Amino acid sequence: MSEGFAQRLKRAVARRVAMNPVRAKLDRAVASLTFDDIPASAARVGATVLEKNGVLGTYYICGGHTGGSFEGVVQQTRDDIVSLRQAGHEIGCHSFTHADVTRLSLQGRDAERLQNQAYFAALAPETDLVSFAYPYGQVSVAAKGYYAKRFFTARGVMPGINSGIVDFAELRAISLTHKSFDLETVRALIARAVAHTGWLVFFTHDVDVSPTPYGCRPEELQAVIDLLREARVDILPVKAAAARCMFGPGGAG
Ligand SMILES: [Zn+2]
């Protein structure tokens, strides 16, 4: 048994507690395309799909995996990170070692955060890590409190559309995987986001013709972009979408 009842209950409670509630000031729906860990294919194949559409994404990276592999998947290199930055994509934080942050002490969370920050400060000095994604999607009340104070937003894996009162300490997100990909489901989600003037955040891992269970195919990423375009939904990196959500379309730029 990988997870006990107490742990599941704590997470369920944490997900119901908005630790950083923000009333959305969007005047129309927006969407963000995000990648976790990140595998080399997300930085190469995934970024190519985005860039040929003139779209920028958010890449939540564990600096500790750069140049190596994680769970058998080849991860991004330093050159990939530099290329992503040069293309204008947002780099987000995913802890340094992909730690389950709910199991860390305050010092442990500090160490993971500061190590990742220092890594990117040395590699790409202009990188400002303001967006966080919880490794494994694991949240607790304490963890949400911690990341709410230190990042503009923290993204989870709880499905849903961010609208009305949005919890910036645990953004809802839609998993984009080949395994579960269904065009009509995505179309319906986008229609709901438009109807509720919400913020739709997608997340995936590798982008490959033969993806892992956590990744998607390039044509599926393209299909999501096409549907968002068709619905006239702006696609923005998390940081920019969060600013629009918090300050409104004419807000803080
Ligand atoms: Zn991850």
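User: In this predicted model, is K52 buried or exposed?
Analyst: K52 is found in helix α2. A residue counts as exposed if 12 or fewer other C-beta atoms lie within 10 Å of its own. K52 has 10 C-beta neighbours inside 10 Å, so the residue counts as exposed.

User: How far apart are the C-alpha atoms of K52 and Q222?
Analyst: Q222 lies in helix α7, while K52 belongs to helix α2. Along the chain these two residues are 170 residues apart. In space, the C-alpha atoms of K52 and Q222 are separated by 9.8 Å.

User: How is Q222 classed by its C-beta neighbours?
Analyst: A residue is buried with 20 or more other C-beta atoms within 10 Å, exposed with 12 or fewer, and partly exposed in between. Q222 has 14 C-beta neighbours inside 10 Å, and therefore its class is partly exposed.

User: What distance separates the C-alpha atoms of Q222 and V49?
Analyst: V49 is one of the buried residues of α2, and Q222 is part of α7. The two residues are 173 residues apart along the chain. Their C-alpha atoms are nevertheless separated by 6.6 Å.

User: Which elements do the buried residues of α2 pack against?
Analyst: The buried residues of α2 include A40, S41, A42 and A43. Further along the helix, V45, G46, A47, V49 and L50 are also buried. These buried residues pack against β2 (30–37), β3 (58–61), β5 (73–74), α3 (78–87) and α7 (218–230).

User: Why does the end-to-end distance of α2 agree with its number of residues?
Analyst: Helix α2 covers residues 40–52, which is 13 residues. The expected span is 1.5 Å times one less than the number of residues. For α2 this gives 18 Å, and the distance agrees because the end C-alpha atoms are apart by 18 Å.

User: On which residue is the kink in α2 centred?
Analyst: Helix α2 contains a kink of about 30°. The residue at its centre is among the buried residues of the helix. The kink is centred on G46.

User: What is the omega of the peptide bond from D37 to I38?
Analyst: I38 lies in the loop between β2 and α2. The peptide bond that leads from D37 to I38 is cis. Its omega is near 0°.

User: At what angle do α6 and α7 pack?
Analyst: Helix α6 consists of residues 183–195, and its axis is 10 Å apart from that of α7. The crossing of these two helices is right-handed. They pack at an angle of about 35°.

User: How many nonpolar residues has the contact of α6 with α7?
Analyst: From α6, the contact uses L183, V186, R187 and I190. From α7, A223, V224, L227 and L228 take part. By class, there are no polar residues and 1 charged residue, and the number of nonpolar residues is 7.

User: What is the phi of H98?
Analyst: H98 is found in the loop between β6 (90–93) and α4 (106–123). With 18 C-beta neighbours inside 10 Å, H98 counts as partly exposed. Its phi is positive, in a residue other than glycine, with a value near 60°.

User: What is the phi of T197?
Analyst: T197 is placed in the loop between α6 and β11 (199–204). This residue is partly exposed, with 16 other C-beta atoms within 10 Å. T197 is a residue other than glycine, and its positive phi is near 50°.

Note on methods
Residues are numbered from 1 along each chain as its sequence is written. This is a predicted model: local features need pLDDT of at least 70, side-chain atom pairs count only at pLDDT 80 or more; totals for chains, interfaces and linings use all residues. Helices (H or I, at least four residues) and strands (E, at least two) are DSSP runs, numbered from the N terminus. The bend at a residue is the angle between axes fitted to the seven residues ending there and the seven starting there. Two residues are in contact if their C-beta atoms, placed from the backbone, lie within 7 Å. Axes are lines fitted to C-alpha atoms, for helices over the stretch in contact, and angles run from 0 to 180 degrees between N-to-C directions. A crossing is left-handed if the near helix is turned anticlockwise from the far one by less than a right angle, and right-handed if clockwise. Ala, Val, Leu, Ile, Met, Phe, Trp, Tyr, Cys and Pro count as nonpolar, Asp, Glu, Lys and Arg as charged, and the others, Gly among them, as polar.
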